[in-house]
Amino acid sequence: MAGSSQPHQLNRPLGTITRGTTGVNRLRRSDRWLVHDELVTARLLAAADPLVVDLGYGASPWTTLELAARLRTVRPAVRVVGLEIDPARVVPGRDGVSFARGGFELAGLRPVLVRAFNVLRQYPESAVPDAWARILSGLAPDGLLVDGTCDELGRRCAWILLDHSGPRSLTLAWDPFTVDKPSDIAERLPKALIHHNIPGEPIHTLLTAADRAWARAAPLAPFGPRIRWRQAAKYLREDGFPVREYRRRMRDCVLSVPWSAVAPKAVATV
């Protein structure tokens with residue numbers, strides 16, 4: 001059934017109320033990635049209705065407003081709707097952004113992009129596939145889902161990009177000046193991966209190799225952590241890891257790989 005261009009007011013949105021922790025500029029690293037990623041920008045530019053949903057924006061809508069402002073640099077006509085399952089958190093619209101009550105059913109909307117940050121972290125891993133499936137079923141035909149997690153200040157972020165076929169990639173992004181080594185991001189892995197950071201699992205293998213490459217690149221430390229990480233990522237690619245290469249200058253340290261490189265061997269029971 002085709003979705004409406006306006007949110008449906010549902011009696012029982014799908015999902016569970018989260019803690020609602022939020023903060024100004026907390027999701028800046030994922031936003032920067034979104035506005036430069038070729039697939040995301042191509043889908044936004046091609047969409048007949050460039051509707052974006054920020055799912056579970058928390059106790060305050062700052063990150064939703066920031067998302068809208070940043071995506072408008074890609075396509076000025078983008079429409080952003082913030083959805084919260086807690087009716088007490090639904091605020092009046094402002095700055096061209098609407099807010100409504102909704103959960104995994106997306107309030108009947110059909111967005112081309114959904115951002116769900118720090119939402120599934122509070123669920124058991126066994127609930128993740130159904131949550132993904134429910135959200136993906138509500139997307140526009142070429143829609144994308146970003147399922148991510150970050151720390152309270154947004155210095156350590158990780159997210160999975162999905163489309164209707166399932167997960168496409170994992171991206172880790174961190175502040176070059178406050179994170180000591182790549183594996184420090186492990187505590188902020190998305191729910192689908194966080195319990196798999198153990199020996200024998202692909203994500204553990206990747207993070208261990210990233211730390212090794214980071215140590216190997218130590219002679220470049222005097223030139224700054226960005227230069228050092230660029231060399232470390234090169235070492236990872238030379239060692240056979242399919243780490244995405246970015247041609248543009250990056251403000252953040254970014255490690256992005258296809259989902260096939262980190263897909264868990266089995267679903268954890270946690």
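# Contacts, burial and backbone in a predicted model

Both Y57 and F99 are buried. These two residues form one of the contacts described below for this predicted model. A search of the whole structure gives seven aromatic pairs, and the count of salt bridges comes to 17. The points below cover ring pairs, salt bridges, a charged surface patch, positive phi values and some single positions.

**Aromatic pairs**

- Seven aromatic pairs are found in the structure as a whole.
- The ring centres of Y57 and F99 are 5.3 Å apart and the planes stand at 70°, so this pair is edge-to-face; the angle falls in that class because it is over 60 degrees.
- Y57 sits in the loop between strand 1 (51–55) and helix 3 (62–71), while F99 belongs to strand 3 (residues 97–101), so the pair ties together parts that are 42 residues apart in sequence.
- W33, F117 and W159 are linked into a cluster by ring pairs.

**Salt bridges between distant parts of the chain**

- The structure holds 17 salt bridges.
- R29 and D252 meet through their side chains in a salt bridge, with an N to O distance of 2.4 Å.
- R29 is in helix 1 (residues 28–36) and D252 is in the loop between helix 7 and strand 8 (253–258), so this salt bridge ties together parts that are 223 residues apart in sequence.
- R29 is buried, at a relative accessible area of 5%, and D252 is also buried, at 8% relative accessibility.
- A salt bridge also joins the side chains of R244 and D37, at 2.7 Å from N to O.
- This second pair links distant parts of the chain, 207 residues apart: R244 lies in the loop between helix 7 and strand 8, and D37 lies in the loop between helix 1 and helix 2 (38–46).
- R244 is partly exposed, with a relative accessible area of 26%, whereas D37 is buried, with 4%.
- R244 falls outside the buried class because its 26% is not under 20%.

**Other salt bridges and a network**

- The side chains of R89 and E84 form a salt bridge with an N to O distance of 3.5 Å.
- R89 is buried at a relative accessible area of 11%, and E84 is buried at 2%.
- D31, D54, E66, R70 and R115 are joined into one network by salt bridges that share partners.

**Positive surface patch**

- R226, R230, R249 and R251 form a positive surface patch.
- Within this group, R230 has its place in helix 7 (residues 225–238).
- R230 has 44% relative accessibility and therefore counts as partly exposed.

**Positive phi outside glycine**

- Most residues other than glycine have a negative phi.
- D95, which is not a glycine, has a positive phi near 55°.
- D95 is placed in the loop between strand 2 (79–84) and strand 3, and it counts as exposed at 54% relative accessibility.
- N118 is not a glycine either, and its phi is positive at about 60°.
- The position of N118 is in the loop between strand 4 (113–117) and helix 4.
- N118 is buried, with a relative accessible area of 15%.
- D95 is thus exposed, whereas N118 is buried.

**Single positions and C-alpha distances**

- S137 is part of helix 4 (residues 128–137).
- At 42% relative accessibility, S137 is classed as partly exposed.
- From C-alpha to C-alpha, S137 and V24 are 30 Å apart in space, and they are 113 residues apart in sequence.
- N197 is located in the loop between helix 5 (191–194) and helix 6 (202–216).
- N197 is partly exposed, with a relative accessible area of 24%.
- N197 and S183 are 14 residues apart along the chain, and 9.7 Å separates their C-alpha atoms.

Conventions. Residues are numbered from 1 along each chain as its sequence is written. This is a predicted model: local features need pLDDT of at least 70, side-chain atom pairs count only at pLDDT 80 or more; totals for chains, interfaces and linings use all residues. Side-chain values use heavy atoms; hydrogens and water are left out. Patches are made of residues with over 30% relative accessible area and no salt bridge: like charges are joined within 9 Å, nonpolar side chains (Val, Leu, Ile, Met, Phe, Trp, Tyr) within 5 Å. Accessible areas come from the Shrake-Rupley method with a 1.4 Å probe; for residues, only the protein chains shown count as cover. A salt bridge is a side-chain nitrogen of Lys or Arg within 4 Å of a carboxyl oxygen of Asp or Glu. Lys and Arg count as positive and Asp and Glu as negative; His and the chain ends are not counted. The place of a charge is taken as NZ of Lys, CZ of Arg, CG of Asp or CD of Glu. Helices (H or I, at least four residues) and strands (E, at least two) are DSSP runs, numbered from the N terminus. Buried means under 20% relative accessible area, exposed over 50%, partly exposed in between (1.4 Å probe, protein chains only). Rings of Phe, Tyr and Trp (its six-membered ring) pair if their centres lie within 6.5 Å; planes under 30 degrees apart count as stacked, over 60 as edge-to-face and the rest as tilted.
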